[in-house]
Amino acid sequence: MPRTNPYIDEQHSDFGASAEARGWQAGYDAGISTPPDVPQGPLTRHTGFMDAWAEGAAAGNADGRTEGWRLRPVTDNSGFVIKVPGVQPEDSGESGENAGSFTMAWKSVGALPLDLILRQFAPGADGGPHPQLAGHALNQVCADKGGPAQLYLPLCVSPPHGLSGDALLEAGYWHGDVTDSFDDAGRAAGLHAAVRVPHFPGLVRYRPAGAHNFWDWLPLQQGRPEEP
């Protein structure tokens with residue numbers, strides 16, 4: 001992406017990411033999901049956080065006008081809203097026995113799926129008290145481990161599961177286990193698609209790159225919800 005968090009690498013310390021780094025990423029995540037509307041500002045009096053948040057929100061809002069699908073949390077805890085601003089999907093580039101079921105990919109952004117991938121891929125690691133930094137933490141963990149090239153998470157929309165301790169389930173998403181095998185993840189998503197209630201199964205594909213919380217959404221058989 002043309003814009004990166006200008007605060008993450010420069011201000012990161014033993015005490016965790018700076019208020020500016022957290023503010024920019026939080027603003028970006030809010031801005032990218034709300035084009036063309038500017039998101040509501042954060043409830044904080046920390047000047048550095050607010051200023052960085054405004055910068056991140058402007059960058060995210062601009063990217064949100066030009067990118068594809070994105071999943072974002074909503075305030076009524078009813079789950080995620082999938083926005084389709086009219087950008088066409090891209091070829092997923094996958095090969096293997098399940099490639100025919102996951103042919104297309106949309107760019108997406110969001111903290112919850114990446115936080116879950118991080119926790120499963122590197123037990124004990126997390127983005128700290130600010131899950132919007134999960135993408136940055138994932139990049140670092142993957143670099144420390146020397147890979148893998150990409151990770152997959154089977155996921156589909158389902159009713160919220162109350163206070164389960166699992167943020168994705170509570171937001172209304174069933175998910176499987178993280179794997180670095182496309183075919184294993186594809187089979188898991190395909191099997192769960194047979195259940196009666198959940199809809200729109202697919203794979204979250206994470207590729208270590210940059211400081212953003214970006215990932216790809218690969219829907220099973222190109223299934224996708226209507227634009228809200």
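This note comments on a predicted model of a single chain, point by point.

1. Confidence. The model is predicted, and the chain has an average pLDDT of 76, with 73% of the residues scoring at least 70. The mean confidence is highest in helix 7 (residues 182-192), at 91, and lowest in strand 2 (residues 80-83), at 48. Residues 72-81 have a pLDDT below 50; in the model this stretch nevertheless has 22 contacts beyond near neighbours in sequence. The reader should keep these values in mind when looking at that part of the chain.

2. Overall make-up. Seven helices and eight strands are found in the chain. The chain has 228 residues, and 52% of them count as buried. Of the contacts between residues at least 6 apart in sequence, 64% join residues that are at least 24 apart. The chain exposes about 11100 Å², and carbon and sulfur atoms supply 51% of this area.

3. Helix 2. How far apart should the ends of helix 2 be? Helix 2 (residues 19-32) has 14 residues, so at 1.5 Å a residue it should span 20 Å; the C-alpha atoms at its ends are 20 Å apart, which agrees. The helix is mostly covered, since twelve of the 14 residues are buried. Among the buried residues of helix 2 are W24, Y28 and I32, and the list also includes R22, Q25 and D29.

4. Helix 4 and P113. Helix 4 is also mostly covered, with eight of its eleven residues buried. The buried residues are A111, P113, L114, D115, L116, I117, L118 and F121. P113 belongs to this helix, which runs over residues 111-121. Is P113 buried or exposed? Its relative accessibility is 1%, so P113 counts as buried; the cut-off for buried is under 20%. Leaving out residues up to four places away in sequence, P113 touches L153, L168, V204 and W215. P113 and L155 are 42 residues apart along the chain, and their C-alpha atoms are separated by 9.0 Å.

5. The nonpolar core. How many residues does the largest nonpolar core have? The core has 21 residues, and I117, L138 and L153 are those with the most contacts inside it. Helix 4, helix 5, strand 5, strand 7 (199-206) and strand 8 (214-219) each supply at least two residues of this core. I117 touches L138, L151, L153, V178, V204 and Y206, when residues up to four places away in sequence are not counted. Two of the residues touched by I117, namely L138 and L153, are thus also named with I117 for having the most contacts inside the core.

6. Helix 5 and the residue after it. Helix 5 (residues 134-145) has twelve residues and should therefore span 16 Å at 1.5 Å a residue; its end C-alpha atoms are 16 Å apart, in agreement. Its buried residues include A134, G135, H136, A137, L138 and N139, together with V141 and C142. Just after the helix, G146 takes a positive phi of about 75°.

7. Q150. This residue lies in the loop between helix 5 and strand 5. Which side chain makes a polar contact with the side chain of Q150? The partner is the side chain of Y152, at 2.6 Å. Neighbours within four places in sequence aside, Q150 is in contact with E94, D180, R205, Y206, R207 and P208.

8. P159. The loop between strand 5 (151-157) and helix 6 (167-171) contains P159. P159 has a relative accessible area of 41%, so it is partly exposed; that class lies between the 20% limit for buried and the 50% limit for exposed. P159 and E170 are eleven residues apart in sequence, and the distance from C-alpha to C-alpha is 8.4 Å.

9. H175. Strand 6 (residues 173-175) contains H175. H175 has 13% relative accessibility and therefore counts as buried. The side chains of H175 and D166 are joined by a polar contact of 2.7 Å. Not counting residues up to four places away in sequence, H175 touches L116, Q120, L153, P154, L155, D166, L168 and L169. D166 is thus both a polar partner of H175 and one of the residues on its list of contacts.

How values were computed: Residues numbered from 1 in each chain as written. Predicted model: local features only at pLDDT ≥ 70, side-chain atom pairs only at ≥ 80, totals over all residues. Heavy atoms only, no water. pLDDT = per-residue confidence, 0-100. Helix = DSSP H or I, 4+ residues; strand = E, 2+ residues; numbered from the N terminus. Contact = heavy atoms within 4.5 Å. Buried < 20%, exposed > 50% of the residue type's maximum accessible area, 1.4 Å probe, protein only. Areas by Shrake-Rupley, 256 points an atom, 1.4 Å probe, with all protein chains shown as cover. Expected span 1.5 Å × (residues − 1). Polar contact = N/O pair within 3.5 Å; in protein donor to acceptor, adjacent residues only side chain to side chain. Core = buried A, V, L, I, M, F, W, Y, C linked by side-chain atoms within 4.5 Å.
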